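Biologist: Could you take one part of this model and describe it closely, in terms that a first-year student can follow? I would like to hear how two helices meet.

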Amino acid sequence: YREWETKKIPTTCPHCGTGCQMNLVVKGNKLVGVEPINGAANKNLLCVKGKFASYKFVGSGDRLTEPLIKRNGVFEPATWDEALSLVADKFNQLKADHGPDSLAGFSCSRSINEDNYVFQKMMRAAIGTNNVDNCARVCHSASVHGLAHTLGSGAMTNPIADITTDVEVILLVGSNPEEAHPVIGSQIRQAMQRGAKVIVVDPRKIDLVKNCELHLQIQAGTNVAFANGMMHVILKEGLADQAFIKEKTEGFEALEQLVAEYTPEKVAEICHIEADDLIKAARLYAKAEKAPIIYCLGVTEHSTGTEGVMSMSNMAMLVGKIGKPGCGVNPLRGQNNVQGACDMGCMPYDFPGYQKVANPEVMAKFEKAWGVNLNKNVGLTSTQVLPAATEGKIKGLYIFGEDPIVTDPDTTHVRKALENLEFFVVQELFMTETAAYADVVLPGISYAEKDGTFTNTERRVQRVRKAVEPKGEAREDYAIFCDVMTRLGYPSHYDSAKEIMDEIASLTPTFGGINYDRLEVTGGLQWPCRTPEDPGTPIMHVGEFTRGKGLFMAIPYKKSRELPDERYPYLMSTGRMLYHYNTRAMTGRTEGINQLANRSYIEINTVDAKRLGIKEGDKVNVKSRRGTIETYAAVGNRVFPQEVFMTFHFPDGNVNELTNAEFDDIAIIPEYKVCAVDITPV
Ligand code: SF4
């Protein structure tokens, strides 16, 4: 590079799953700004995170620039050779002493597809375990399971542009897109201005409520009852699409029988809403020709998360609104590449492209391609690995770009698990709360320093391009995995990310037609894209469902695992705020963003605040069965009395000290959205 030269490098935003396209503005070897590009998902828009928090963190003085080894409790700089040899020796020893399933790895939903592919290959082919997972486990694993089971594919059915333009009704469930996916939120708002009627189903008065057609302020944890009530009304009023049901689905009789019990009055009582509002919502949704369901973590992060997702499929199939433009079931994926981390097989039961570990033909294919005998046992989820570490069954852990001390529920429990490991490796950009527990920390590189691809929430694979050189000795992440693999006795090397994508395409039918040359020309391809001639698949389940027939699931409503009682009288839910992203590793290093939002807070209803003697901005203690934190009160009417809400971005006042590590039985996703707390003024 030349110091005086200014360049613009087109790439993909590294924050949420919207996948906005943008130029990184580079001067010399420094990022100096960001400009929007007219991408398929963002139409020239960027939100505050994309515009201001996508570049300053890259050049931050906090970046890890050399490998670190902990000696006598203190991190000391080490050479790559020392650090990688130690990792390989320890893992080989643990494997020899306790077997490969005593080791586990969590991959990075923020990093490129190519890194994720090589990470799971390292865990499977070189270490010999299927104990590999990614942070979808704690956000949308319920979508992957629930949609795959009912429809045949666990991904968003329709493109963002399709469900935000030319639609009559949007059924928005447990999603606050103006804060969590702001560019999608802004497209929904534009759709409202053009006349689309939005039904918001959310325990909070999110900003979209101000202009929506109807707000059903259901109690957190009652999504299944709400959906059953909607379907009761739709069937009772003859609004179901009987031809669609007969021709394209199965399991309808059991569903019909079950939802007969969910009268509007019964559902109103469970959900704390008006029966008439439920009836109105059911009529609006069923009668519209184009009406997508858009949902997010308010549906998935429950002990009934997978059932909540299946309930979304049930509603869409009942009215025949699937496999068509302006319809479908559309989970908004959180992290920039969490869709891709799942697609790339960073899950304990799936190889890339959701090809099953349990399928002998798939297993034989990967054994042949990778030239090694693979472990036939389905692995543990990340939410099973941590308790197994506490019990001493998992001895070694490799975490690539995740920070479970901040992000996972019941932090005390996570700390205990990490402390109990015999050997722990973290590959990161910064010294995070989790990395502080590691034995070895390896410095990886950011999205702006590498070539690759991200896959956004609408299954669109888009390019990430190198804009600057990494600092110090930080290295390409897949190259680090290759070196670890080689030292573990499985020689591995790739010349480029492009070469890795070619290997992915050769082994993954749904990615078979995706390569860098086509991505340059098209700007992005939506999988399934099976051949070089295949233009990709904007709308899924057209004609028939991916699984053949769509499957209705009759799902009775179950209560959340921990509800308020005398000792902990408030129902607490958690979520994102506009300005920060997850653990703030990136947004927290942008000064302007910190000036706008620099501390955690708890939303409390005015009635409760008055009774407790709490005013806006007061310090309060929040206590659950798992811990106590100090935070600040945000008093108002966004939440109902006896309900409270906290964001999860801040290590000080970390809400996950309080959240409940109760899991959904199918996806093993934690119940972040409901736990019981008490609040006292400080
Ligand atoms: Fe980035 Fe998401 Fe904002 Fe788009 S909406 S600029 S992808 S954070």
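Modeller: This is a predicted model, and the part to look at is the place where helix H2, residues 80-98, meets helix H20, residues 477-487, their axes coming within 9 Å and crossing at roughly 55°. Two packed helices are described by the angle between their axes and the distance between the axes. That angle makes H2 oblique to H20, and the crossing in which H2 passes H20 is right-handed. On the side of H2, the contact is made by Trp80, Asp81, Leu84, Ser85, Val87, Ala88 and Asn92, while H20 brings Ile480, Asp483, Val484 and Arg487 to it. If you sort the residues of this contact of H2 with H20 by character, you find 6 nonpolar, 2 polar and 3 charged.

For a contrast in kind, turn to the strands. Three of them, in the order S1-S2-S3, form an open sheet with antiparallel pairing. Strand S1 (6-12) and strand S3 (30-36) stand at the edges, and each has a single partner strand, so one side of each is left without a neighbour in the sheet. Neighbouring strands of this sheet are turned against each other by 30° on average, with direction ignored. Strands of a sheet pair through backbone hydrogen bonds, either parallel or antiparallel. Here strand S2, residues 21-27, pairs with S3 in the antiparallel sense over 6 bridges, and you can find one position to look at where Met22 stands opposite Pro36 in S3.

Conventions
Residues numbered from 1 in each chain as written. Predicted model: local features only at pLDDT ≥ 70, side-chain atom pairs only at ≥ 80, totals over all residues. Heavy atoms only, no water. Pairing = 2+ DSSP bridges. Helix = DSSP H or I, 4+ residues; strand = E, 2+ residues; numbered from the N terminus. Axes fitted to C-alpha atoms, helices over the stretch in contact; angles between N-to-C directions. Parallel < 35°, antiparallel > 145°, perpendicular 65-115°, else oblique. Left-handed = near helix turned anticlockwise from the far one by under 90°. Contact = heavy atoms within 4.5 Å. Nonpolar A, V, L, I, M, F, W, Y, C, P; charged D, E, K, R; others polar.
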